Amino acid sequence: MGFGDLKKKEGLSVLNAYLADKSYIEGFQPSQADAVVFDALSGPPSADLENALRWYNHINFTGRKKDLSAYGPAGSGAPAAGGDDDDDDDDIDLFGSDDEDAKAERERRLAEYAAKKAKKPALIAKSSLLLDVKPWDDETDMAELEKCVRTIEADGLLWGASKLVPVGYGIRKLQINAVIEDDKISTDFLEDEITKFEDYVQSMDIAAFNKI
Amino acid sequence: MPIFTQPHQVNMEELNNLASYLGVSSGKLVLDAKEQIPVLKAGNGLTVRGLVSVAKQLVRQSETPELKGTTAEERAAIDQWLEYRVVQVDRSLQEKDVSSVLRDTNAYLSHHVYFVGYQPTLADIILYLGLYRIFEDLTFMEKQKYVHVCRWFSNMQSLFANKMSKKHIAFQRNKIFSGTGH
């Protein structure tokens with residue numbers, strides 16, 4: 001996983017390909033993921049990487065995590081430049097960043113957003129997962145399997161309720177809930193840890209993944 | 001290929017979907033038989049006619065009136081896209097020529113995430129509802145051609161489809177079809 005070095009052309013090309021069918025890095029709304037990737041770029045991508053540039057301009061306005069008052073006149077040149085290009089290309093876009101009112105409003109909104117973000121530390125992005133753990137056969141001891149899964153401990157991981165769901169031929173799979181902090185735990189990590197119990201676990205799937 | 005149902009019937013359904021998404025009652029929404037356009041009798045004697053006006057009225061009554069635009073430029077841009085919907089999109093369905101609509105929206109969305117501003121607005125919603133019928137009939141290969149509209153559409157349906165009781169349309173990025181050189 002990963003885009004590679006986002007300060008280099010290769011990394012940006014990967015990002016561009018990734019964003020061709022996605023509006024945001026993860027999911028359908030701005031999230032921490034967008035802010036993190038945004039900060040990894042050294043500036044706006046070139047115009048030939050159109051998806052990356054579109055995403056960059058969008059996140060620049062909506063998703064920045066950094067203290068925006070530190071972003072002086074040089075910085076506000078970048079979104080304005082993007083706006084001007086749009087005006088030239090496309091008559092329909094009236095939302096230009098040229099005039100006074102729009103600029104003043106934008107500054108006000110940016111300041112509000114920065115203030116909101118400054119209060120943010122209290123909120124941690126969490127997700128609720130439903131994992132399907134499948135055993136080798138119907139003779140596998142599911143109670144042991146569950147115990148093994150629950151021994152996996154990590155900062156930001158909380159196991160929840162579980163149940164056994166029959167899948168046919170007497171085999172039952174374990175469906176277990178977990179609440180994870182997005183920043184600390186990745187699904188790859190969970191998958192690795194669970195499939196380490198090779199004696200009991202044949203495979204693992206994520207049945208559901210919901211943001212809280 | 002399903003036969004397109006009469007546009008005015010579909011408009012009624014869309015307005016009801018919009019109303020249920022906004023959480024407002026569509027009240028007395030009827031079809032004017034003579035002119036074949038939707039008419040809303042919103043309380044206090046106000047009568048609103050036509051898809052765009054009714055949609056805006058429903059938004060006004062909802063808890064999210066900003067959907068029709070907060071600044072004058074936003075409102076104007078949204079109005080333009082709403083007009084585009086009625087004039088271009090619905091007409092293209094009548095004439096069975098959807099490629100120009102798809103081409104235009106695709107080009108616009110190549111450097112915009114949403115049609116107006118940086119959040120979904122009524123323009124996005126009405127265009128989503130309007131383009132839904134077009135998208136229902138596209139093959140995967142055709143969808144691949146218009147990458148940006150598909151991306152936007154996929155974004156829209158994750159936000160709105162469930163609340164508007166609309167089925168999700170599937171998109172698949174298939175490397176076999178890529179002729180657009182990503």
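**Figure 1. Ala42(B) and its partner across the strands of chain B.** In this predicted model, Ala42(B) stands opposite Leu46(B), a residue of strand 3 of chain B. Another facing pair joins Val39(B) to Arg49(B), the latter again in strand 3 of chain B. Strand 2 (residues 37–42) of chain B and strand 3 (residues 46–49) of chain B run antiparallel and are joined by four bridges. Three residues lie between these two strands in their hairpin, and there you will find Asn44(B) with a positive phi near 40°.

**Figure 2. The hairpin of strand 1 and strand 2 in chain B.** Staying with strand 2 of chain B, we can now turn to its pairing with strand 1 (residues 28–32) of chain B, which is antiparallel and made of five bridges. Look for Leu31(B), whose bridge partner in strand 2 of chain B is Pro38(B). The hairpin of these two strands has four residues between them. In its turn, Gln36(B) has a positive phi of about 55°.

**Figure 3. Strand 2 and strand 3 of chain A.** Over in chain A, strand 2 (residues 157–168) and strand 3 run antiparallel, joined by nine bridges. Strand 3 of chain A covers residues 171–181. Among the facing residues are Leu157(A) and Ile180(A), the latter in strand 3 of chain A. Two residues separate the strands in this hairpin, where Tyr169(A) takes a positive phi near 55°.

**Figure 4. Strand 1 of chain A against strand 3 of chain A.** Strand 3 of chain A also pairs with strand 1 (residues 126–135) of chain A, in the antiparallel sense and over eight bridges. A handy pair to pick out here is Asp132(A) with Gln175(A), its bridge partner in strand 3 of chain A.

**Figure 5. Where chain B meets chain A.** The contact takes 27 residues from chain A and 25 residues from chain B. About 2,400 Å² is buried between the two chains, with carbon and sulfur atoms giving 59% of that area. How many salt bridges does the rule find across the interface of chain B and chain A? The count is zero. There are, however, four residue pairs in polar contact between the chains, both residues being at pLDDT 80 or more. On the chain B side, helix 3 (72–94), helix 4 (99–109) and helix 7 (147–160) each supply at least two residues that touch chain A. Helix 7 of chain B gives the most, with seven residues. By class, this side of chain B has 11 polar, 10 nonpolar and four charged residues.

**Figure 6. Confidence along chain A.** The mean pLDDT of chain A is 79, with 77% of its residues at 70 or more. Where in chain A is confidence lowest, and where is it highest? The low end is helix 4 (residues 73–89) of chain A, at a mean of 45, while strand 3 of chain A has the top value, at 91. Over residues 75–90 of chain A the pLDDT is below 50, and this stretch has 17 contacts in the model beyond near neighbours in sequence. Where pLDDT is low, the predicted coordinates should not be read in detail.

**Figure 7. Confidence along chain B, and the model scores.** Chain B averages a pLDDT of 81, and 90% of its residues score at least 70. Residues 177–182 of chain B have a pLDDT below 50; beyond near neighbours in sequence, this stretch has 10 contacts in the model. For the model, the scores are ipTM 0.75 and pTM 0.56.

Conventions: Residues are numbered from 1 along each chain as its sequence is written. Chains are lettered from A and ligands numbered from 1 in the order in which they are written. This is a predicted model: local features need pLDDT of at least 70, side-chain atom pairs count only at pLDDT 80 or more; totals for chains, interfaces and linings use all residues. Side-chain values use heavy atoms; hydrogens and water are left out. Contact means heavy atoms within 4.5 Å. Buried area is the accessible area (1.4 Å probe) that two parts lose on being put together, summed over both. A salt bridge is a side-chain nitrogen of Lys or Arg within 4 Å of a carboxyl oxygen of Asp or Glu. A polar contact is a pair of N or O atoms within 3.5 Å; within protein, one must be able to donate a hydrogen and the other to accept it, and residues adjacent in sequence count only if both atoms are side-chain atoms. Ala, Val, Leu, Ile, Met, Phe, Trp, Tyr, Cys and Pro count as nonpolar, Asp, Glu, Lys and Arg as charged, and the others, Gly among them, as polar. pLDDT is the predictor's confidence in each residue, from 0 to 100. Two strands pair if DSSP finds at least two bridges between them.
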